[in-house]
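The report below takes up one helix of a protein chain and then turns to the chain as a whole.

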Amino acid sequence: MHCQTGSWGSYVPTSTRSVGDPLERIERLASENAVVIFSISTCCMCHAIKRLFCGMGVNPTVYELDEDPRGKDMERALMRLLRSSSAVPVVFIGGKLVGAMDRVMASHINGTLVPLLKEAGALWL
């Protein structure tokens, strides 16, 4: 499935997942798909990162934290994980934390993002 205008990939309602520690939940969700983005639907940086991946032909799984009843807990856990005051967007590739927007863009610019995507099976170029 290719991303089209208004479509960022697979949106998965996180409210159907089991209750537990937010960090454990993040790790589990991140490991279930090749590319996972934790996002907030109204965040312009989240929009930009989703566009980047879709423009590359990657179909990310997107978890919109503002649409999840436990999204705030997950957002706080992401802030602790990143040691940052801003939690989103956060990208995992192949179950491994890549990081926030700055880390993803640096990887894209220095040429390490495409090999990560290929290794995770998210890109077949």
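## Helix 3 and its surroundings

At 1.5 Å a residue, the twelve residues of helix 3 (residues 71–82) should span 16 Å, and its end C-alpha atoms are indeed 16 Å apart, which agrees. The expected span is 1.5 Å times one less than the number of residues, while helices (H or I, at least four residues) and strands (E, at least two) are DSSP runs numbered from the N terminus. This is a predicted model, in which local features need pLDDT of at least 70 and side-chain atom pairs count only at pLDDT 80 or more, whereas totals for chains, interfaces and linings use all residues. Residues are numbered from 1 along each chain as its sequence is written, and side-chain values use heavy atoms, with hydrogens and water left out.

The table sets out the two sides of helix 3, where buried means under 20% relative accessible area and exposed over 50%, with partly exposed in between (1.4 Å probe, protein chains only).

| Residues of helix 3 | State |
|---|---|
| Gly71, Met74, Glu75, Ala77, Leu78 | buried (under 20%) |
| Lys72, Arg80 | exposed (over 50%) |

Which residues of helix 3 are buried? They are Gly71, Met74, Glu75, Ala77 and Leu78. These residues cover an arc of only 160° around the axis (taken from the directions from the helix axis to the C-beta atoms), which puts them on the same side of helix 3. The buried residues of helix 3 pack against helix 1 (22–31), strand 2 (35–39) and strand 4 (90–93), contact meaning heavy atoms within 4.5 Å. Helix 3 is followed by arginine 83, whose phi is positive, near 55°.

Across the protein chain there are five helices and five strands, and 43% of its 125 residues count as buried.
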